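Please open the model in your viewer and keep the selection tool at hand. This tour goes from one selection to the next and says what can be found at each stop.

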Amino acid sequence: PDMTAVKSCFMEVRKWMTVNFLKLNEDKTEFIEIGPYVSLITTLDLGDITITPVDKAKNLCFLFDHQLNLDAQINAVSQVCYLNQRNLTRIGSKLSQDLKVQLVHSTILSFIDYCNSVYGKLSEKNVHKLQKIQNNAVRFIYGLYGEKRRESVMPYLKKLHFLPVKFRIKFKISLLVFKCINNLALIILKILYFLEKPGVEVRGLDDDFFLLKVPTCPSFSRSEVHFHMLGLNRGTNYQFISDH
């Protein structure tokens, strides 16, 4: 395949970093080709360095795999959370319930919620993995071990005001869409959404009632995982009201 555009982009990034007195860490530079199949590119020659394509690459502590099914990211989150839970269990008897909640927020839920707006079309299998982690965290807080381990954690989730994982994902996406239509988000996200007046007048609605504009349906595969399409689904479900 023709990699001229990739090479040109790499040289522009390197030039920009040099002008701004930044150093490009060539040892940590990775190249990943997104697609359903294994990359046909064996090596990428960028002049003075040569990069071998990888199956997964990390950006801002988030792992992307070449199929974008996020299996690698979920496995990494599970590994860190289970390690933290094991360490918390060792000192759990010496902690108050309030302190347990704080530690669960900082060492477990923070990892589950990190960039969870990307999990919009996560498979049920991976959602279940994250939900098991949250359930174990709730059992740690309330000491649900032995026979109590069979109890449903849903009442305890309500006491703690913890949303289940799939609803945490939906809430984050909805929050980002709300920020976009109220000029509170980054410009790169705001340009994805447009508001329009309802085509038919509905009795009882105020003048500040708007709907998200529905774009043309993309023909590319897996386009439904794009933030634009995910946010549109959430937005039309909630029918945001925006003050303008």
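Which residue takes a positive phi just after helix 1? Select F21 in this predicted model, and you will find that its phi is positive, at about 60°.

**The whole chain**

Before going further into detail, show the full chain as a cartoon, in which you can follow eight helices and six strands. Starting from the N terminus, the order of these elements is α-β-β-β-β-α-α-α-α-α-α-β-β-α. If you colour the 244 residues of the chain by burial, the buried ones make up 35%.

**Helix 1**

Now select residues 4-19, which form helix 1 and number 16 residues. From the first C-alpha to the last, helix 1 reaches 23 Å, which is close to the 22 Å expected at 1.5 Å a residue. Within helix 1, show the side chains of F10, R14 and M17, which are buried. These three lie on the same side of helix 1, because they cover an arc of only 65° around the axis. Then turn the view to the face of helix 1 that points away from its buried side, where you can select the exposed residues A5, E12, K15, W16 and V19.

**A hairpin of two strands**

Next, select residues 56-59, which are strand 3, together with residues 62-65, which are strand 4. The two strands pair in the antiparallel sense, and four bridges join them. To see one position in this pairing, pick A57, which stands opposite F64 in strand 4. Strand 3 and strand 4 form a hairpin with two residues between them, and in the turn you can select L60, whose phi is positive at about 55°.

**The second largest pocket**

For the last stop, move to the second largest pocket, which holds about 250 Å³ of space. Which residues of its lining are closest to the centre of this pocket? Select L122, E124, V127, K166 and K170, which are the closest to the centre among the 14 lining residues. Two elements, helix 4 (124-142) and helix 6 (165-181), each give two or more residues to the lining of this pocket. Helix 6 provides the largest share of the lining, with five residues. If you colour the lining of the second largest pocket by residue class, you will find seven nonpolar, two polar and five charged residues.

Terms used
Residues are numbered from 1 along each chain as its sequence is written. This is a predicted model: local features need pLDDT of at least 70, side-chain atom pairs count only at pLDDT 80 or more; totals for chains, interfaces and linings use all residues. Side-chain values use heavy atoms; hydrogens and water are left out. The expected span of a helix is 1.5 Å times one less than its number of residues. Buried means under 20% relative accessible area, exposed over 50%, partly exposed in between (1.4 Å probe, protein chains only). The arc is that of the directions from the helix axis to the C-beta atoms. On a 1 Å grid over the protein atoms alone, a cavity is a set of points where a 1.4 Å probe fits but cannot get out, and a pocket is an open set with protein on both sides within 12 Å along at least five of seven lines; lining residues have an atom within 4 Å of a point. Grid points are joined across faces, edges and corners, and a volume is the space filled by probe spheres set on the points. Ala, Val, Leu, Ile, Met, Phe, Trp, Tyr, Cys and Pro count as nonpolar, Asp, Glu, Lys and Arg as charged, and the others, Gly among them, as polar. Two strands pair if DSSP finds at least two bridges between them.
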